[in-house]
Amino acid sequence: MPALLCATLAGPVVAEVVTCDLSGTAVQFEIDRAQFAPAVDLAEPPRRRITTVQMGDAQFPAEPIMMGDVRGFWAEGLAGSDVMMVMQADGSAVYADTRAGTRLTGTCEVMQ
């Protein structure tokens, strides 16, 4: 019973904070695992997944990505370009904005 009480008080881990150093640029965003939960009812409208990315001095909204051990985000860049950042399970990461020709590489860490 005490183990159950401790687990209940601690609660589930809901958000992960991802911090990165991409070619010398600090990047941070959160992934709220609750946003990836399946619908309770088929009539439930699709959930919008959103996070705020802090990249250097800039801040912008993005859609978080979580597939197994892969983390990242997708966002609309300037002039309608697609911007994507993907972190592999080993912590290596790539940020790309193909329209602007920007590609940053580096490492990320997931904090809980």
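**Close-up views of a predicted eight-stranded barrel**

**View 1. Surface and burial in the protein chain of the predicted model.** The protein chain exposes about 7300 Å², of which carbon and sulfur atoms supply 58%. Buried residues account for 29% of the 112 residues in the protein chain. When contacts between residues at least 6 apart in sequence are considered, 32% of them in the protein chain join residues at least 24 apart.

**View 2. The N-terminal stretch, residues 1–9, and the confidence of the model.** Averaged over the protein chain, pLDDT is 86, with 88% of the residues reaching 70 or more. Over residues 1–9, however, pLDDT stays under 50, and the model has zero contacts for this stretch beyond four places in sequence. Where pLDDT is low, the predicted coordinates should not be read in detail.

**View 3. The barrel formed by eight strands.** The secondary structure of the protein chain consists of one helix and eight strands, and, read from the N terminus, the elements follow the order α-β-β-β-β-β-β-β-β. The eight strands close into a barrel in the order 1-2-3-4-5-6-7-8, with antiparallel pairing. From one strand to the next, the twist averages 30°.

**View 4. The pairing of strand 5 with strand 6.** Strand 5, which covers residues 70–76, and strand 6, which covers residues 82–87, run antiparallel and are joined by six bridges. Within this pairing, E76 stands opposite D82 in strand 6. In general, strands of a sheet pair through backbone hydrogen bonds, in either a parallel or an antiparallel manner.

Conventions: Residues numbered from 1 in each chain as written. Predicted model: local features only at pLDDT ≥ 70, side-chain atom pairs only at ≥ 80, totals over all residues. Heavy atoms only, no water. pLDDT = per-residue confidence, 0-100. Contact = heavy atoms within 4.5 Å. Helix = DSSP H or I, 4+ residues; strand = E, 2+ residues; numbered from the N terminus. Buried < 20%, exposed > 50% of the residue type's maximum accessible area, 1.4 Å probe, protein only. Areas by Shrake-Rupley, 256 points an atom, 1.4 Å probe, with all protein chains shown as cover. Pairing = 2+ DSSP bridges. Axes fitted to C-alpha atoms, helices over the stretch in contact; angles between N-to-C directions.
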